[in-house]
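Please open the structure in your viewer and prepare to make selections by residue number. This tour moves through enclosed spaces inside the protein, one stop at a time.

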Amino acid sequence: MTSILIVDDERDIRELIGDILRDEGYAVRLAGNSDDCMSEIAREAPALMILDIWLKDSQMDGIDILKTVKRDNPDVPVVIISGHGNIEIAVAAIKQGAYDFIEKPFNIDQLMVVVSRAMETSRLRRENTDLRRRDVTSADMLGSSPAFKTLKSQLEKVTKSNGRVMLTGPSGSGKELAARFIHGHSARAGAPFVPVTSATIEPEHMEEVLFGRESSERGIEKGLLEQAHGGVVYFDEVAEMPLGTQTKILRVLVEQQFTRVGGVDKVRVDLRVISSTARELRSEIAAGRFRQELYDRLNVVPIAVPSLEDRREDIPELTTHFIDLFHRTQGLPQRQLTAEAEAMLQTMQWPGNIRQLRNVIERVLILGDGSGPVEARELPGQEAASEGEGRLLLGGALATLPLREARELFEKEYLLTQINRFGGNISRTASFVGMERSALHRKLKSLGVVTTTKSGARMARLEGDDDESDSGAD
């Protein structure tokens, strides 16, 4: 995508422009009619097009070609030239997305100024695309827990296809990062990744935002689907999409085309669709809030993104990543965590998942006292957890129980927390709590604590829950 495609039905004109541009060091391709032009574009999209408005013996004129190019290759600047130019044609060409308009006979110096500027625009657009691609692929997913490895393995498999993917999981668990991972490691990595956040778009404006609009006053305004042409459109929290829009999206998925609001022409798009939801869509379907047909179209490859609770082993690695990130981007102190602070993070409740962990780390670094290690007392909710050195505040139901029952309840909760902290690994739990593994197994059996597989990881629970257990897991 570094050549200039010159399209003109007059051989002398196109060869003259080609010779001038070659002398300036540009790679040039020539086309004398619309068929040759479209064949050249299909072979390789140019960095710039110089396009004549009037093309004899062609199925398409310059405006038709311009519309097609801006639809299929929106980043390619198009300079319109014409020997019959007038202000109306110039305005029409600019409205359709032309970079500039030059009237024949043209001044060579004027042509070179326009070409130079257009090529710079093309270069900047390519660099921007490359930067977006590097941002996606460098924001690699982090973790080493079984749940994370299962997720990453599934994501790597779907990068090799164009199948539609439905990502499910709680808010803040990293569903958009998973979608960007798929895009960044696929054949579409160089094309756009366009997120559509249904919850933030007013229902009455949803169709204009998605499909774009046409008007005599403002010309063509592309919607998000058109902007995503050739790449990936990501429907974030798809359950928030209005029913009326769901019907039209379903039609787009079937036909791969749509009509802009206020327009009449069909716009054809090549899209890979990734969607996500934190809701149970089958319940939404039963309640009449989501279309079964759309669910069936989107849910070709379902992938569950685990919560932070299901991958507590990854918290130290994620925390280190966020500390480094805030140090680079905000100049915040690059502090280490004490063992106590790390253990506290692994045992805290995370209803907001990875997003909440990121916010907690940012808050600690902003409000911290200095550059020394982060202490457990600096973490949110831990300021009042102790009263004096070596003492814990006792509250809730535990304070009302006899010693034996209180001790048993404490042991259950303590061991549940530690096993889940170490991803169900009994050997590591035994080492940390200071027990022989066989003794820990006996203790767990007496307390009714078993392990079960969830999201690819072993998690501890109390016997009698619905999940299948494997109390002998190591």
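Begin by selecting helix H10, which contributes 3 residues to the lining of the second largest cavity, the most that any element gives there. The model is a predicted one. H10 spans residues 243–255. Now add strand S10, residues 232–236, to the selection: S10 and H10 are the elements that give two or more residues to this lining.

Next, display the side chains of the full lining of the second largest cavity: Leu225, Val233, Phe235, Ile249, Val252, Leu253, Leu271 and Val273. What classes of residue make up the lining of the second largest cavity? It has 8 nonpolar residues, with no polar and no charged ones. The space that they line, the second largest cavity, amounts to about 30 Å³.

Please clear the selection and move to the next stop. Select helix H15, residues 353–367, which gives 3 residues to the lining of the largest cavity, the most of any element. Then show the complete set of residues that line the largest cavity: Ile323, Leu337, Leu345, Ile361, Val364, Leu365, Val374 and Leu379. Colour these residues by class, and the lining of the largest cavity appears as 8 nonpolar residues, without any polar or charged residue. What is the volume of the largest cavity? It is about 40 Å³.

Finally, return to a view of the whole model. How many cavities of 30 Å³ or more are counted? The count is 2.

How values were computed:
Residues are numbered from 1 along each chain as its sequence is written. This is a predicted model: local features need pLDDT of at least 70, side-chain atom pairs count only at pLDDT 80 or more; totals for chains, interfaces and linings use all residues. Side-chain values use heavy atoms; hydrogens and water are left out. On a 1 Å grid over the protein atoms alone, a cavity is a set of points where a 1.4 Å probe fits but cannot get out, and a pocket is an open set with protein on both sides within 12 Å along at least five of seven lines; lining residues have an atom within 4 Å of a point. Grid points are joined across faces, edges and corners, and a volume is the space filled by probe spheres set on the points. Helices (H or I, at least four residues) and strands (E, at least two) are DSSP runs, numbered from the N terminus. Ala, Val, Leu, Ile, Met, Phe, Trp, Tyr, Cys and Pro count as nonpolar, Asp, Glu, Lys and Arg as charged, and the others, Gly among them, as polar.
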